[in-house]
Amino acid sequence: MTDATAKAAPKAERRRRVLRSGARSSIVVGGAIVLFFVLLAPLAGLLSAITGNDPYAEHPEALGAGSVPAGFGGGISARHWFGVTPLRGVDLFSIVAYGSRISLGIGVVSSVISLVIGVALGLLAGYFPGLVDALISRTMDVFFGFPFLIFAIALSAVVPQGFPRPVLLTLVLGFFGWPGIARLVRGQTLTLSKRNFAVASKVMGASPAHVLWHQILPNLMPLLIVNITLSIPGRIGAEAGLSFLGVGMNPPTPSWGRSISDAVQWALVDPMYLIFPGAALFLLTFGFNLLGDGLSDAIDPRKGVRA
């Protein structure tokens, strides 16, 4: 062992320790934030009932001159923990709490839909080079170049108002989110299908379905766990963005994006109306990103080992 190698080894080990410590911290902090909202969503009704509120009831008595919430911080009180909204006096905590159900539900379910489609097509494209790979890859290119926002706006105008908006947004976000996952899975499948364990299974007469399900897919699981964790905040942000543009959730359904859109015009006279839904959206996306980054660092042993 040369002097340079001897000096590099402790340095690499220190980097690994720092990386592991940072990964644990990211997982703990990010996981705690996500867990908070995961608990908040089902408990929204109970927590709002403590103060006798819901996201639909109006409280005009909490409003002052100019239909602006009376009192400190936009009407913050023992009954209205986050204050109330201007004009209608709806309890803002109830909006934030119930809105977490929409954001989490759409973000998680649409990510699962994208994951299932992307994994299935990515495995096929990576395992069957040639015509199958070419067809799936060209389809991915089309989806990558498709103007999703324009389509979502047009679809919201065409679909009847009676169709459940959460279902519509979940399907749209899930259907258009698979190409990135498929491309990632395709690349990994191309590599794994040439590994000794996969080749040995083929030689022993294993079917393609057996190799894909029992040999390749289990080796993709760490990558997929990280991917879905990092994709959820993007879907949550997309739902909020569509609601902000007025093509997402319909009123009076509580939605963070729609609340932020309504709060913009009141930002100077009632900033809390903008701060609380915006902070909830930021914290949830930040928590998922932090959790995903920590999982990525913990799962990938190659990171941070270079001298």
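Helix axes are taken here as lines fitted to C-alpha atoms over the stretch in contact, and angles between them run from 0 to 180 degrees between N-to-C directions. With that convention in hand, the packing of this predicted model can be described helix by helix. H8 and helix H10 (residues 272–299) pack at about 165 degrees, and their axes lie 9 Å apart. Angles over 145 degrees count as roughly antiparallel, so H8 is roughly antiparallel to H10. The crossing of this pair is left-handed. On the H8 side the contact is made by Pro222, Ile225, Val226, Thr229, Leu230, Ile232, Pro233, Ile236 and Ala240. H10 answers with Leu281, Leu284, Thr285, Phe288, Asn289, Leu291, Gly292, Asp293, Leu295, Ser296 and Ile299. Sorted by class, the contact of H8 with H10 holds 14 nonpolar, 5 polar and 1 charged residues.

It helps to step back to the overall architecture. The protein chain contains 10 helices and 0 strands, and its pattern along the sequence reads α-α-α-α-α-α-α-α-α-α. The C-alpha trace spans about 80 × 55 × 30 Å along its principal axes.

H8 (residues 208–244) also has a partner in helix H6 (residues 178–192): the two axes come within 10 Å and cross at roughly 135 degrees. That angle makes H6 oblique to H8. The crossing of H6 and H8 is right-handed, whereas that of H8 and H10 is left-handed. From H6, the residues Ile181, Leu184, Val185, Gln188, Thr189 and Leu192 take part. They meet Leu212, Ile216, Asn219, Leu220, Leu223, Leu224 and Asn227 of H8. By class, this contact of H6 with H8 comprises 9 nonpolar and 4 polar residues, with no charged ones.

Earlier in the chain, helix H2 (residues 92–127) packs on helix H3 (residues 131–145) at an angle of about 140 degrees, with 7 Å between the axes. H2 is therefore oblique to H3, and H2 passes H3 in a left-handed crossing. Leu121, Leu124 and Ala125 of H2 make this contact with Val132, Asp133 and Ile136 of H3. Of the residues in the contact of H2 with H3, 5 are nonpolar, none is polar and 1 is charged.

Attention now turns to the spaces left between the atoms. The structure holds 1 cavity of 30 Å³ or more, and the space in the largest cavity comes to about 50 Å³. Its lining is made up of Ala152, Leu155, Ser156, Leu168, Leu169, Val172, Leu242 and Val247. Helix H4 (148–158) and helix H5 (165–176) are the elements that give two or more residues to this lining. By class, the lining of the largest cavity has 7 nonpolar residues and 1 polar residue, with no charged residues.

The second largest pocket offers about 260 Å³ of space. Its lining numbers 16 residues, and Thr85, Arg88, Arg258, Asp262 and Tyr273 are those that lie nearest the centre of the pocket. Helix H9 (residues 256–263) supplies the largest share of this lining, with 3 residues. The pocket lining divides into 10 nonpolar, 3 polar and 3 charged residues. Charged residues thus appear in the lining of the second largest pocket, while the lining of the largest cavity has none.

Two details of the backbone round off the picture, and both are found in loops. Pro251 and Pro252 are joined by a cis peptide bond, for which omega is about 5 degrees. Pro252 sits in the loop between H8 and H9. The second detail concerns Ser67, which has a positive phi of about 60 degrees even though this residue is not a glycine. Ser67 belongs to the loop between helix H1 (3–50) and H2.

Note on methods:
Residues are numbered from 1 along each chain as its sequence is written. This is a predicted model: local features need pLDDT of at least 70, side-chain atom pairs count only at pLDDT 80 or more; totals for chains, interfaces and linings use all residues. Side-chain values use heavy atoms; hydrogens and water are left out. On a 1 Å grid over the protein atoms alone, a cavity is a set of points where a 1.4 Å probe fits but cannot get out, and a pocket is an open set with protein on both sides within 12 Å along at least five of seven lines; lining residues have an atom within 4 Å of a point. Grid points are joined across faces, edges and corners, and a volume is the space filled by probe spheres set on the points. Helices (H or I, at least four residues) and strands (E, at least two) are DSSP runs, numbered from the N terminus. Ala, Val, Leu, Ile, Met, Phe, Trp, Tyr, Cys and Pro count as nonpolar, Asp, Glu, Lys and Arg as charged, and the others, Gly among them, as polar. Angles under 35 degrees count as roughly parallel, over 145 as roughly antiparallel, 65 to 115 as roughly perpendicular and the rest as oblique. A crossing is left-handed if the near helix is turned anticlockwise from the far one by less than a right angle, and right-handed if clockwise. Contact means heavy atoms within 4.5 Å.
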